[in-house]
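User: I am new to this structure and would like a close look at a single part. Please pick one helix and show how it sits in the whole.

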Amino acid sequence: MTNYSKWDKFAADLASDTEEEEGKKEESELKKYSEKSVCFVHIPPGDFARKEQLCKLLQEDPDFEAPSSSAAGVEMDDEVREPGVERALEKYKWKSVGSQFVPGYGPTSAGDDLWRVFFDDNFLTTQSEPNRAARALLGYKSLGSFVVSCVDRKTGEARPISRKEVADLILRRQQGGDGERIQREHETQKANMEAFSKLGGQTVKLDG
């Protein structure tokens, strides 16, 4: 008489061993993307289904330089642009350089990692290629190339990051893993605005 429970256990153990081996193989393959050697990583448009594919899509940009101010990233006909801005506009086909903190990782969030994304400030009108990875970070339609960095709260400077670290962040947000973090940041911002209003300050709501 066939002992089906025995064979079921054998099949389950075999599947478990196979998954464990595949997991170890993937981790081994991802090690080459774990080196933190640059402070800026380019997120180009492109499709991906697995972490390794995303790591391959991401590109290190050791020469990227963040604008010294918001105004420095805006195109001005009568002013000489900063070399770093000029390079970014040419390399990524941007019209101007804008930036924002990734929701959940801004100045009012918890932790020392402040993730910041740079992009064409007019990408909705100047760019056309959808960027799935950038959309995962920002939470809204993203077009064209994006560059990500991580500012260390303690030093105020961008710290070295790896492609795997960026991929982990993107995939975690795709799966809704930062939902509570974003909510806490929103609540902190709301509390700060209410405290500001009580002190007699006026807030301006921007529509559009």
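Analyst: What follows looks at helix H6, after a short view of the chain around it.

The model is predicted. The chain has 7 helices and 6 strands. Along the sequence they run in the pattern α-β-α-β-α-β-β-α-α-β-β-α-α. There are 208 residues, and 36% of them are buried. Take the contacts with a separation of 6 or more: 62% of these involve residues 24 or more positions apart. The chain exposes about 13,200 Å², and carbon and sulfur atoms supply 50% of that.

Now to H6. This helix covers residues 163–174, which is 12 residues. From first C-alpha to last, H6 reaches 16 Å. That is close to the 16 Å expected at 1.5 Å a residue.

Is H6 enclosed or open? Of its 12 residues, 9 are buried, so H6 is largely enclosed by the rest of the structure. Buried here means under 20% relative accessible area. Which residues of H6 are buried? Near the start of the list come Arg163, Lys164, Glu165, Val166 and Ala167. Leu169, Ile170, Leu171 and Arg173 are buried as well. The buried set therefore includes Arg, Lys and Glu side by side with Val, Leu and Ile.

A general point helps in reading such a list. An α-helix has 3.6 residues a turn, so residues three or four places apart point the same way.

What comes just after H6? Gly176 does, with a positive phi of about 75 degrees.

Methods:
Residues numbered from 1 in each chain as written. Predicted model: local features only at pLDDT ≥ 70, side-chain atom pairs only at ≥ 80, totals over all residues. Heavy atoms only, no water. Helix = DSSP H or I, 4+ residues; strand = E, 2+ residues; numbered from the N terminus. Expected span 1.5 Å × (residues − 1). Buried < 20%, exposed > 50% of the residue type's maximum accessible area, 1.4 Å probe, protein only. Contact = heavy atoms within 4.5 Å. Areas by Shrake-Rupley, 256 points an atom, 1.4 Å probe, with all protein chains shown as cover.
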